Amino acid sequence: MIARSKNKNKESQWFGYKQVKPGEKARLVETVFDSVASRYDLMNDLMSGGIHRLWKNKLVSMLRPSPDKSLLDVAGGTGDIAFRYRARAGAKAKITVCDINKEMLNVGKDRAIDRGYLKGFKWVVGNAESLPFADDSYDLYTISFGLRNVPKIDDALEESYRVLKPGGQFFCLEFSQVINPALRKIYDEYSFRLIPKIGALVANDRESYQYLVESIRQFPNQKELAARMKKAGFEQVRFVNLSGGIATIHIGTKL
């Protein structure tokens, strides 16, 4: 049975450091990603110093791609994870990319065509908090740099559990809490002082990048997210820190 908590979905009232009314965060986040859709890779390069590409490769290797496994990639509209999975699983891979933002999906569809990926992909507009898929549908669920932008994180975790088959696995790659205090100080200085300025200069959008920096600090740390995954029903929960905790991969299994 899924445990309930009075603190469920507590992030839904925060847009970065700004407190917002219930339901308002989803609209504000959509505005951010409408703005940065065409610059998604640039955004992640700025946020991670370019290392996000190595982190994503690590994530996909942990999935053990296979044409026998069905993948649901949530908040993955531009196809970064899906294309990596397809390259390893082969032409018979079964991949569904689900994103609430149509602009992000349009970028992904165009990139798929550029790569010659005309089959094996489904592109679905959908909300991570209420997925348009049946129970027990997928072998793998991934969400990469997307969970912190979901207003109701606990609802999204419960939905991920619902759509996975028994034995299916959940993988979340997300910015997290830097472990080393000295590295954390350097990372904070880089994030708060430079990223919004670079966003203003390169993308003419300081506000979106300011939100993205703040959203990382509002996201649950490694142990808290693991605990909330367990409340959603997952077992064998663990996490792997990357680059000293700048990012983390969380894994859980539906038994």
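Two residues are said to be in contact when heavy atoms of theirs lie within 4.5 Å, and in this predicted model the buried residues of helix 6 pack in that sense against strand 3 (70–74), strand 6 (138–144), strand 7 (164–175) and helix 9 (222–231). Helix 6 is a good place to begin, because ten of its eleven residues (153–163) are buried and the helix is largely enclosed by the rest of the structure. The points below start from helix 6, and then turn to charged pairs, to a pair of helices and to two single residues.

**Helix 6 and its surroundings**

- The buried residues of helix 6 are Ile153, Asp154, Asp155, Ala156, Leu157, Glu158, Glu159, Ser160, Tyr161 and Val163, a list that holds acidic residues such as Asp154 and Glu158.
- Asp154 has a relative accessible area of 10%, and it counts as buried because that value is under the cut-off of 20%.
- Arg228 forms a salt bridge with Asp154, and the closest N and O atoms of the two are 3.0 Å apart.
- This pair links distant parts of the chain, since Arg228 belongs to helix 9 and Asp154 to helix 6, with their positions 74 residues apart in the sequence.
- Arg228 is buried as well, with a relative accessible area of 7%.
- Arg228 and Asp154 are also members of a network of salt bridges, in which they are linked with Lys10, Glu11 and Glu224.

**Lys254, a buried lysine beside helix 6**

- Lys254 is found in the segment that follows strand 9 (247–253), and at 8% relative accessibility this lysine counts as buried.
- The side chain of Lys254 has a polar atom that lies 3.0 Å from the backbone oxygen of Tyr161, and the side chain of Lys254 also reaches the backbone oxygen of Arg162 at 3.3 Å.
- When neighbours within four places in sequence are left aside, the residues in contact with Lys254 are Asp136, Tyr161, Arg162, Leu164, Lys165, Pro166, Gly167, Gly168 and Phe234.

**Other salt bridges**

- Side chains of opposite charge can pair when their charged atoms come close, and the count for this model comes to 16 salt bridges.
- The side chains of Lys165 and Asp139 meet in one of these salt bridges, with an N to O distance of 3.6 Å.
- Lys165 lies in strand 7 and Asp139 in strand 6, so this pair ties together parts that are 26 residues apart in sequence.
- Lys165 is partly exposed, and its relative accessible area is 29%.
- Another salt bridge joins the side chains of Arg27 and Glu24, at a distance of 3.4 Å from N to O.
- Arg27 and Glu24 both belong to helix 1 (residues 24–36), where they sit three residues apart, which is about one turn of the helix.
- Arg27 counts as partly exposed at 48% relative accessibility, and Glu24 is likewise partly exposed, with a relative accessible area of 24%.

**Helix 1 against helix 8**

- Two packed helices are described by the angle between their axes and the distance between the axes.
- The axes of helix 1 and helix 8 (residues 206–218) come within 10 Å of each other and cross at roughly 120°.
- Helix 1 is therefore oblique to helix 8, and helix 1 passes helix 8 in a left-handed crossing.
- On the helix 1 side, Lys25, Val29, Val32, Phe33, Ser35 and Val36 meet Ser208, Tyr209, Tyr211 and Leu212 of helix 8.

**Two single residues: Asn44 and Gly120**

- Asn44 lies in helix 2 (residues 40–48) and is buried, with a relative accessible area of 1%.
- Not counting residues up to four places away in sequence, Asn44 touches Gly49, Gly50, His52, Lys56 and Phe145.
- The C-alpha atoms of Asn44 and Gly23 are separated by 26 Å, and the two residues are 21 residues apart along the chain.
- Gly120 is found in the loop between helix 5 (102–114) and strand 5 (121–125), and Gly120 is partly exposed, with a relative accessible area of 34%.
- Gly120 and Ile95 are 25 residues apart along the chain, and their C-alpha atoms are separated by 6.2 Å.
- Gly120 touches Ala93, Lys94 and Ile95, again leaving out residues up to four places away in sequence.

Terms used: Residues are numbered from 1 along each chain as its sequence is written. This is a predicted model: local features need pLDDT of at least 70, side-chain atom pairs count only at pLDDT 80 or more; totals for chains, interfaces and linings use all residues. Side-chain values use heavy atoms; hydrogens and water are left out. Helices (H or I, at least four residues) and strands (E, at least two) are DSSP runs, numbered from the N terminus. Buried means under 20% relative accessible area, exposed over 50%, partly exposed in between (1.4 Å probe, protein chains only). A salt bridge is a side-chain nitrogen of Lys or Arg within 4 Å of a carboxyl oxygen of Asp or Glu. A polar contact is a pair of N or O atoms within 3.5 Å; within protein, one must be able to donate a hydrogen and the other to accept it, and residues adjacent in sequence count only if both atoms are side-chain atoms. Axes are lines fitted to C-alpha atoms, for helices over the stretch in contact, and angles run from 0 to 180 degrees between N-to-C directions. Angles under 35 degrees count as roughly parallel, over 145 as roughly antiparallel, 65 to 115 as roughly perpendicular and the rest as oblique. A crossing is left-handed if the near helix is turned anticlockwise from the far one by less than a right angle, and right-handed if clockwise.
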